[in-house]
Amino acid sequence: MWQIARKSTGLQDSELVSKTRKASEKISENIYIVANDPSLAFYRVQEHVRKVIQPILDKRLEVIHLQNNLQGHCYDMEYSVGAIRGIENSEKFFRSIQELIKTSIFLKQQLKYEEGKNKTDKDSTNSVYKRFSAHLTLDFPDFSGVVRETSQRMETIMISNRGQNIGELQRSHTTLH
């Protein structure tokens with residue numbers, strides 16, 4: 001009995017050994033993969049990061065530069081929109097200015113008309129004065145005697161004071177009666 005059991009166990013043992021070997025090989029292979037795959041994966045990740053970090057940094061700097069430019073353009077747009085709104089709000093002021101200009105033109109035309117009217121009135125008034133002055137005679141007093149008398153006095157003073165100096169001449173002239 002023991003022999004029969006032994007013979008059957010020999011077959012079973014060799015099968016068991018081969019199955020055990022296969023299982024242990026698979027477990028060993030899985031342990032090797034599990035042990036080495038993460039380090040290989042990390043190596044690949046590190047290699048990938050080294051290759052793309054510089055282009056990513058360049059793109060990041062470009063994006064920051066573009067963002068700053070875009071923000072500046074946004075501020076410019078907001079300023080422009082505010083200016084346009086201010087222009088739209090100033091329309092009533094321009095209308096008021098336009099009305100004032102129209103009024104001033106009208107008043108200037110009225111002034112020109114009045115000046116023209118006054119000029120014709122002055123011309124007619126001047127002719128009235130001319131006609132009136134033609135009939136008037138003006139009697140001015142005769143100053144010729146006074147002038148003659150003064151010149152004679154000056155001559156006598158000059159003749160009598162020829163030898164004296166000019167300061168005395170002036171004093172004597174002022175002291176005359």
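V45, V49, I53 and L57 form a nonpolar patch on the surface of this predicted model. Together they offer about 320 Å² of accessible area. L57 belongs to helix α1. Its relative accessible area is 40%, so L57 counts as partly exposed. A patch residue must have over 30% relative accessible area and no salt bridge. At 40%, L57 clears the area cut-off.

**Overall fold**

The protein chain holds four helices and zero strands. Along the sequence the pattern reads α-α-α-α. Helix α1 covers residues 2-89. Helix α2 covers residues 91-135. Helix α4 covers residues 166-174.

How much of the protein chain is buried? Buried residues make up 2% of its 177 residues. The protein chain exposes about 17,200 Å². Carbon and sulfur atoms supply 62% of that area.

**Confidence**

The mean pLDDT of the protein chain is 75. Of the residues, 62% score at least 70. Which helix has the highest mean pLDDT, and which the lowest? Helix α1 has the highest, at 85. Helix α4 has the lowest, at 49. Where pLDDT is low, the predicted coordinates should not be read in detail.

**Between α1 and α2**

S90 sits in the loop between α1 and α2. Is S90 buried or exposed? S90 is buried, because its relative accessible area is 16%, and the cut-off for buried is under 20%. The side chain of S90 also has a polar partner. One of its polar atoms lies 2.7 Å from the backbone oxygen of I87.

**Salt bridges**

Side chains of opposite charge can pair when their charged atoms come close. The count of salt bridges comes to four. The table lists three pairs, including two in helix α2.

| Pair | Closest N and O atoms |
|---|---|
| E47 and R44 | 3.4 Å |
| E91 and R95 | 2.4 Å |
| E99 and K102 | 4.0 Å |

Start with helix α1. E47 and R44 both lie there, three residues apart. That spacing is about one turn of the helix. E47 is partly exposed, with a relative accessible area of 29%. R44 is partly exposed as well, at 47%.

Helix α2 comes next. How far apart in sequence are E91 and R95? They are four residues apart in helix α2, so about one helical turn separates them. The closest N and O atoms of this pair are 2.4 Å apart. E91 has 41% relative accessibility and therefore counts as partly exposed.

E99 and K102 also lie in helix α2. They are three residues apart, about one turn of the helix. Their closest N and O atoms are 4.0 Å apart, and the salt-bridge cut-off is within 4 Å. Both residues are partly exposed: E99 has a relative accessible area of 46%, and K102 has 48%.

**In short**

The picture is helical, with four helices and zero strands. Buried residues make up 2% of the protein chain, and S90 is one of the buried residues. Helix α1 carries L57 of the nonpolar patch. Helix α1 also holds the E47 and R44 pair. Helix α2 holds E91 and R95, along with E99 and K102.

Terms used. Residues numbered from 1 in each chain as written. Predicted model: local features only at pLDDT ≥ 70, side-chain atom pairs only at ≥ 80, totals over all residues. Heavy atoms only, no water. Buried < 20%, exposed > 50% of the residue type's maximum accessible area, 1.4 Å probe, protein only. Areas by Shrake-Rupley, 256 points an atom, 1.4 Å probe, with all protein chains shown as cover. pLDDT = per-residue confidence, 0-100. Polar contact = N/O pair within 3.5 Å; in protein donor to acceptor, adjacent residues only side chain to side chain. Salt bridge = Lys/Arg side-chain N within 4 Å of Asp/Glu carboxyl O. Patch = residues over 30% accessible without salt bridge, like charges linked within 9 Å, V, L, I, M, F, W, Y side chains within 5 Å.
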